[in-house]
Amino acid sequence: MNPRSCIFFFSLFVTVFFYGFSVSHASEETAGLVPPVSEGPIKGLPEGPLEPVPKFDPIQPTQKEYDCFVLINAARANPAAYGYGEYSPAPPLHWNAALLYIAWVHSKDMYEEDYFQHDSYNRVGDQLVFDRSWSDRVRSVYTHNTRISENIAWNSSGSAEAVVTSWMNSPPHRENIMNPEHTEGAIGAYGGNDKVYFTHDFGGRDISYNLSLEPDDVSLSPTQPNPGDTVRLSFIVWNNGVTDAFPVEVRVDKREGGGGWSAITGDLWLRNILEGGKGVSTYTDLDTSGYSRGTEIRVVIDPNGLFTETDESDNSAGIVLIPAGSTSRGDLTADGVVDGMDLFRFAAGWQTLDWTCNLDTGGYVNCQDLVLLLKEMD
């Protein structure tokens, strides 16, 4: 597993381009810089993938990388805050998982091999040996024939604010940040107590989102809970667009007796970047104490409209949480009585570890559940 996948930081946050993140334009610490690099589309090649993207584990930004990206978008939204009011505000950059991966790889390589260049090198003894160009590195995972660019920096504290301020105060780095041709990107940071390296890679595809959730993508465990049960709600969020999505917000609503919908969870966030053309499975546990029979729930993706999608009609899916009818926990067949059919159903469920047969909610399907069933049959 890629070591980045083990990083868990996720606090609830809101990106600058949706809620106007506040930017400080002064920092006492400066960052080490080298001139940035850029490359337009490769002549003679059509737009689109150049070759299959190498596989890498799902990744998520660290807090430092997230903070830096938020500040970059704040600078694009309000360059005057950094003293550059002659620039027109630029649309926000959008997260890209491949660029985050390769930016982090380069920052890690610079730190471990002790160099500070855009091209990649290997240290052999006291000598640096060229490995590959920066553009070959970026295009090895960002396989789209568009403009690409890169800013790099280092500082001793790992301050995201100091890095972004230094980039904004450097005209060529600032051009990369403010260039409206750059539509997506990511910042990869890596280092230790003495020095932290930052790599910001930019791409230039058209932005297109389409998050979706189908009814078959929502499931419950147990499948027919009773009021008071703790229910695991599992669901799959799909990203049918080409643009990677992050952070993706999810909310769970309920309604009882055909009334209106009300939220029963706070803001839930998918931890990893949701890549275009892929889906991610996740879950949340619900305490149904006080719920009535016939309660319905629905999962809503992007409830606050953070992403402008090509199809907004497939962002929710519902399911009956607590079936109406029998109040007996042992009525596994939901026919209103507890009889031999339920015993037969229990035997099959014991064999398959079906959680609907976990009548005592003790974590296993065992003899205690059978005793409860037999008592109800009496």
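**Close-up views of a predicted model**

**View 1. Strands β4 and β5 pair in an antiparallel hairpin.** Strand β4 (residues 120-124) and strand β5 (residues 127-132) run antiparallel and are joined by 5 bridges. The model shown here, and in every view below, is predicted. Tyr 121 has its bridge partner, Phe 130, in β5. The hairpin has 2 residues between the strands. Gly 125 takes a positive phi there, near 65°.

**View 2. Asn 145 is a buried loop residue.** The loop in question runs between α4 (134-139) and β6 (148-155). Asn 145 has a relative accessible area of 1%. Buried means under 20%, so Asn 145 falls in that class. Its side chain has a partner on the backbone: the nitrogen of Ile 42, at 2.6 Å.

**View 3. Helix α5 is mostly covered.** The helix spans residues 160-169, and 8 of its 10 residues are buried. The buried set is Ala 160, Ala 162, Val 163, Val 164, Thr 165, Ser 166, Trp 167 and Met 168. Several elements supply the cover. Among the helices are α2 (63-77) and α6 (171-178). Among the strands are β1 (32-33), β6, β7 (184-191) and β8 (196-203).

**View 4. Ser 159 makes a polar contact at the start of α5.** A side-chain oxygen of Ser 159 reaches toward the backbone of the helix. The target is the backbone nitrogen of Glu 161, and the oxygen comes to within 3.4 Å of it.

**View 5. Leu 321 is buried in a loop after β17.** The loop lies between β17 (316-320) and α7 (340-352). Relative accessibility of Leu 321 is 0%, so this residue counts as buried. Leaving aside residues up to four places away in sequence, Leu 321 touches Leu 220, Pro 225, Val 231, Thr 288, Tyr 291, Thr 295, Glu 296 and Ile 297. Ser 292 is 29 residues from Leu 321 in sequence. In space, the two C-alpha atoms are 9.7 Å apart.

**View 6. The whole chain sets the close-ups in context.** The protein chain holds 8 helices and 17 strands. Of its 378 residues, 47% are buried. Among contacts with a separation of 6 or more, 72% link residues 24 or more positions apart. The chain exposes about 17,400 Å². Carbon and sulfur atoms supply 51% of that area.

Terms used:
Residues numbered from 1 in each chain as written. Predicted model: local features only at pLDDT ≥ 70, side-chain atom pairs only at ≥ 80, totals over all residues. Heavy atoms only, no water. Helix = DSSP H or I, 4+ residues; strand = E, 2+ residues; numbered from the N terminus. Buried < 20%, exposed > 50% of the residue type's maximum accessible area, 1.4 Å probe, protein only. Polar contact = N/O pair within 3.5 Å; in protein donor to acceptor, adjacent residues only side chain to side chain. Contact = heavy atoms within 4.5 Å. Areas by Shrake-Rupley, 256 points an atom, 1.4 Å probe, with all protein chains shown as cover. Pairing = 2+ DSSP bridges.
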